Amino acid sequence: MENPLQIKRIHHVEFFVGNARQASFFYRKAFGFSQVAYRGQETGSRDLASYVLQQGKANFVLSTPLTPAHPAAEHIKRHGDGIRDIALEVADTDLAFEQALSRGAEAAEAPHDLKDEFGVVRRAAIRTYGDTIHSLLSRRGYKGSFLPGYAEQRIEGEDAGILRIDHMVGNVELGQMNRWAEYYSKIFGFHRYISFDDKDISTEYSALMSIVMSDDSYSVKFPINEPAAGKRKSQIDEYLEAYQGAGVQHIALQVKDVLATVDKLQRNGVPFLRVPDSYYDILRDRVGELEEPLEEIKRLGILVDKDEEGYLLQIFTRPVEDRPTVFYEIIQRKGSRGFGKGNFRALFEAIELEQARRGNL
Ligand code: FE2
């Protein structure tokens, strides 16, 4: 199938946060990332400080404005801490940008060079849902530690076994899901991989709908959610209110040993959602034999789902900001390429308990 922008991979995810120095400490100490690079006043970046965190192939950039005039300040005022940029590495930035625009994308930044003594990286950006952008980076043999303007600055974290970003989910407004699925199809050449309607994803109180858009190799997957009508407020509505619009809801991090990773993250204090113990009473009947001990799965609160290709183990954190917005999924795939459809109901009931506690159900 086609790959009109010649996307190679998710290069990094950039967050705009109120205090990047403290956020980087959290991702190192709680999630086991290592800091690899930094930019700030010491490196000549006068109005933005950024910390680059890495684990496996996952790269996070945590940026904070140093003046109220920087656009990141407005982003934080409106959204709280959140994801600004899902940056994609492409073969040729100028070509990708031109293709994207001719297919209907809206420009965020025209192609330009980022330069330092280690070489040149070409950058452009297009808009996606809400205030989120996709920057398009081509590295052109760049030799520095991360990107031009960053100084190498390593602080080792205690690796927790995170391998890569499995998928990143966007929440969009009611009635907008198909528009954004269409955007990824038309501009990125992605295909509709799976969709879930409100019959798949509903509880007594609330519902949502979702379409998973994927590239041909299944290495870049962007599900898009929208709220659906229910008796009470959907968790997607709660997000849209808290984030003041569409944005990234969760990042799923793929791990090689979910039991080890979740055990470590829990000991580090990462707060996870828990489903009722009754979930585990019927688990064996629902999914059959597993390689992992059921007592350990239950102790850690991990969810399991199975399909014709295999099974997956997953668990979700609570939101990692005070606004109920961005959270994380930890996922281990054992053959399954799904998203845990069999867990939706139990999971969403657990989320609704939290919503009710916040007065948002
Ligand atoms: Fe997910």
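## Strands β6, β7 and β8

In this predicted model, strand β6, which covers residues 107-116, runs antiparallel to β7, and the two are joined by 7 bridges. Within this pairing, L114 stands opposite V121, a residue of β7. The two strands form a hairpin, with 2 residues lying between β6 and β7.

Strand β7 also pairs with β8, which spans residues 133-138, again in the antiparallel sense and over 6 bridges. Here A124 stands opposite L136, which belongs to β8. A hairpin is formed by β7 and β8 as well, with 5 residues between the two strands, and in its turn G130 has a positive phi of about 60°.

## Two domains in one chain

The domain assignment of the protein chain gives two parts, with domain 1 running over residues 7-155 and domain 2 over residues 162-358. When the C-alpha centres of the two domains are compared, domain 1 and domain 2 lie 25 Å apart.

How many residues of each domain are in contact with the other? On the side of domain 1 there are 38 such residues, and these are in contact with 36 residues of domain 2.

## What the domains bury between them

Between them, domain 1 and domain 2 bury about 3,000 Å², and 67% of this area is on carbon and sulfur atoms. Within domain 1, the residues that lose the most area to domain 2 are F31, R103 and Y129, which together account for 24% of what that side buries.

As for polar pairs across the two domains, the count of residue pairs in polar contact is 14, with both residues of each pair at pLDDT 80 or more. Salt bridges between domain 1 and domain 2, by contrast, number 0.

## The side of domain 1 that touches domain 2

Which elements give two or more residues to the side of domain 1 that touches domain 2? They are the strands β1 (7-16), β4 (58-65), β5 (82-90) and β7 (119-127), together with the helices α1 (20-29) and α2 (71-79). Strand β7, described above as the partner of β6 and of β8, is thus one of the elements that contribute to this side. The element that gives the most is α2, with 5 residues.

Sorted by class, the residues on the side of domain 1 that touches domain 2 comprise 19 nonpolar, 11 polar and 8 charged residues. Those 8 charged residues sit on a side for which the count of salt bridges to domain 2 is 0.

How values were computed. Residues are numbered from 1 along each chain as its sequence is written. This is a predicted model: local features need pLDDT of at least 70, side-chain atom pairs count only at pLDDT 80 or more; totals for chains, interfaces and linings use all residues. Side-chain values use heavy atoms; hydrogens and water are left out. Domain bounds come from an automatic or database domain assignment. Contact means heavy atoms within 4.5 Å. Buried area is the accessible area (1.4 Å probe) that two parts lose on being put together, summed over both. A salt bridge is a side-chain nitrogen of Lys or Arg within 4 Å of a carboxyl oxygen of Asp or Glu. A polar contact is a pair of N or O atoms within 3.5 Å; within protein, one must be able to donate a hydrogen and the other to accept it, and residues adjacent in sequence count only if both atoms are side-chain atoms. Helices (H or I, at least four residues) and strands (E, at least two) are DSSP runs, numbered from the N terminus. Ala, Val, Leu, Ile, Met, Phe, Trp, Tyr, Cys and Pro count as nonpolar, Asp, Glu, Lys and Arg as charged, and the others, Gly among them, as polar. Two strands pair if DSSP finds at least two bridges between them.
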